[in-house]
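Trainee: I should like to go through this model with you, beginning with its core and ending with its strands. May I put my questions in that order?

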Amino acid sequence: MGAPFDFDATVVGAGAVGLACGRALSRRGLTVLVLEKEPHIGQGVSSRNSEVIHGGLYYPTGSLKAKLCVGGRRALYDFLESRKVDHWKCGKLVVATEEAEVERIEAIFQQATTNGVERLEHLTGAQARTLEPELNAHAAILSPESGVFDSHGYMLALQGEIEDAGGAVVISAPFEGAESLPGGGFSIRVGGEGAMTVTSRLLVTAPGLSAQEVAARIEGYPTTDIPARHLGKGIYFRLTGAAPFNRLIYPPPIPGALGTHYRKDLGGQGVFGPDLAYVETEDYSVDPAKVEEFARYIRRFWPGVAVERLSPDYAGIRPKLHGPGEPQPDFQLHGVANHGMEGLMALFGIESPGLTSSLAIGEAVAQSLTVGV
């Protein structure tokens with residue numbers, strides 16, 4: 001690709017998805033620049049989540065979430081294994097805590113099977129308790145392909161691959177704007193101490209919570225193609241003492257999200273969350289008073305929880321494209337057919353299962369931008 005450009009491709013955002021896009025483009029022989037406004041990679045959505053590897057159970061058949069989660073999960077395990085990034089395929093139980101929930105988890109089983117999720121099993125309550133004796137379960141689904149992993153180690157490995165291929169990941173370098181060049185490509189303004197302007201044949205925007213703001217800073221980007229942003233805050237509580245379960249424990253999903261679940265992290269501690277509350281600003285505080293509400297929810301599947309063992313941990317904010325009571329939309333990967341700008345891919349609404357899907361998202365973006373090149 002063209003010598004006139006400083007870089008073949010520029011990616012805005014050095015979270016898991018942005019880095020995965022950079023890696024996929026690098027693997028095609030392109031010179032890649034990744035811009036990150038924060039002083040470290042992965043400081044946004046990618047560092048404030050459950051670090052769960054999702055099987056791909058819940059998403060509508062044929063959706064990007066369904067396809068990219070299943071494909072991304074398979075690729076992710078291979079990547080983590082080959083790069084020696086810490087992970088644990090612990091498995092997951094989707095639990096009906098009462099008879100009224102059995103129909104809901106059966107629908108999840110059917111959806112997951114249609115989506116190609118491997119090795120799913122129906123379990124009776126007694127079978128589920130054989131695996132996890134402290135669990136309250138009327139029935140359950142076992143997903144052996146689900147797990148947890150070190151998301152920061154993963155992102156460092158992605159960064160390493162980009163740099164090994166001759167690319168650059170630049171921190172404290174906010175994207176300030178871009179404009180199309182007459183013969184194709186983009187002129188990109190970069191802020192920070194090393195403020196500069198660079199040229200690039202391709203441009204990918206994957207900045208998580210800033211997706212709408214970044215798109216609006218691209219000259220000529222149609223405002224009609226920028227979806228509304230909603231901030232979905234979720235908080236987590238950590239358990240002191242022994243972890244009650246080895247596997248991930250998920251009750252049926254809540255409207256708009258998967259809901260508060262349990263994981264045993266790689267350090268061996270139990271963590272519960274996230275809940276979902278829509279907020280107006282990026283507020284990462286955790287209200288300790290919510291502990292009673294969390295405990296009530298947790299008792300549905302773990303009657304033995306003691307409130308005094310729960311302590312406030314951290315919060316995350318998800319870049320949602322839907323508000324309260326609205327249907328949950330798919331990932332949005334907007335290429336030239338959406339906005340009419342050749343060489344540009346803008347990503348919106350990359351929340352769960354974006355981390356699991358990241359390698360597959362990166363491949364989809366790279367394939368779309370380089371087809372025929």
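**Core, aromatic contacts and strands**

Trainee: In this predicted model, with which residues is Leu 25 in contact, leaving aside its neighbours within four places in sequence?

Mentor: Leu 25 is among the residues with the most contacts inside the largest nonpolar core, which has 43 residues. Leaving aside its neighbours within four places in sequence, the residues in contact with Leu 25 are Ala 9, Val 11, Leu 30, Val 32, Leu 202, Val 204, Ala 366 and Thr 370.

Trainee: Which elements give two or more residues to the largest core?

Mentor: The residues with the most contacts inside this core are Leu 19, Leu 25, Tyr 154, Val 204, Leu 347 and Val 365. The elements that give two or more residues to the core are β1 (7-12), α1 (16-26), β2 (32-35), α2 (64-82), α5 (151-164), β12 (196-205), β20 (344-348) and α9 (354-370).

Trainee: How many residues does the other core have?

Mentor: This other core lies apart from the one just described. Ala 128, Leu 142, Tyr 262 and Val 291 are among its members, and its size is 26 residues.

Trainee: Over residues 8-367, how far apart are the end C-alpha atoms?

Mentor: UniProt lists residues 8-367 for "domain: FAD dependent oxidoreductase", in an unreviewed entry. Over these residues the chain is 27% helix and 27% strand. The C-alpha atoms at the two ends are separated by 14 Å.

Trainee: What kind of aromatic pair do Phe 245 and Trp 302 form?

Mentor: A search of the whole structure finds 10 aromatic pairs. In the pair of Phe 245 and Trp 302, the rings are 6.1 Å apart, centre to centre, with 75° between the planes. Planes over 60 degrees apart meet the cut-off for this class, and the pair is therefore edge-to-face.

Trainee: How many residues apart are Phe 245 and Trp 302?

Mentor: Phe 245 lies in the loop between β13 (230-239) and β14 (248-250), and Trp 302 in the loop between α7 (291-299) and β18 (310-320). Phe 245 counts as buried at 1% relative accessibility, and Trp 302 is buried with a relative accessible area of 2%. The pair links distant parts of the chain, and the separation is 57 residues.

Trainee: Why is the pair of Phe 272 and Phe 301 described as tilted?

Mentor: Phe 272 lies in strand β16 (residues 270-273) and Phe 301 in the loop between α7 and β18, so the pair ties together parts that are 29 residues apart in sequence. Phe 272 is buried at a relative accessible area of 0%, and Phe 301 also counts as buried, at 0% relative accessibility. The ring centres are 6.3 Å apart; the pair is tilted because the planes are at 35°.

Trainee: Which residues form one aromatic cluster?

Mentor: The two pairs just discussed, Phe 245 with Trp 302 and Phe 272 with Phe 301, supply members of this cluster. The cluster is formed by Phe 245, Tyr 262, Phe 272, Phe 301 and Trp 302.

Trainee: Is Glu 132 buried or exposed?

Mentor: Glu 132 is placed in the loop between α4 (125-131) and β7 (139-143). Not counting neighbours within four places in sequence, Glu 132 is in contact with Leu 93, Pro 244, Phe 245, Asn 246, Arg 247 and Ile 249. Its relative accessible area is 3%, and buried means under 20%, so Glu 132 is buried.

Trainee: Over which ring does the charged end of Arg 48 sit?

Mentor: One such arrangement places the charged end of Arg 300 over the ring of Tyr 297, 4.7 Å from its centre. For Arg 48, the charged end is 4.1 Å from the centre of the ring, which belongs to Tyr 284.

Trainee: Which are the edge strands of the open sheet of three strands?

Mentor: The order is β3-β8-β4, with antiparallel pairing. β4 pairs with strand β8 (residues 147-149) over two bridges, and His 87 stands opposite Phe 149 in β8. The strands that pair on one side only, and hence the edge strands, are β3 (52-53) and β4 (87-88).

Trainee: Which residue takes a positive phi in the hairpin of β10 and β11?

Mentor: Strands β10 (residues 175-180) and β11 (residues 186-190) run antiparallel and are joined by five bridges. Glu 179 stands opposite Ser 187 in β11. The hairpin has five residues between the strands, and the positive phi, near 105°, is taken by Gly 184.

Conventions
Residues numbered from 1 in each chain as written. Predicted model: local features only at pLDDT ≥ 70, side-chain atom pairs only at ≥ 80, totals over all residues. Heavy atoms only, no water. Core = buried A, V, L, I, M, F, W, Y, C linked by side-chain atoms within 4.5 Å. Buried < 20%, exposed > 50% of the residue type's maximum accessible area, 1.4 Å probe, protein only. Helix = DSSP H or I, 4+ residues; strand = E, 2+ residues; numbered from the N terminus. Contact = heavy atoms within 4.5 Å. UniProt positions renumbered as here; feature names shortened; annotations may be inferred. Phe/Tyr/Trp six-rings, centres within 6.5 Å; stacked < 30°, edge-to-face > 60°. Lys NZ or Arg CZ within 6 Å of the ring centre and 35° of its normal. Pairing = 2+ DSSP bridges.
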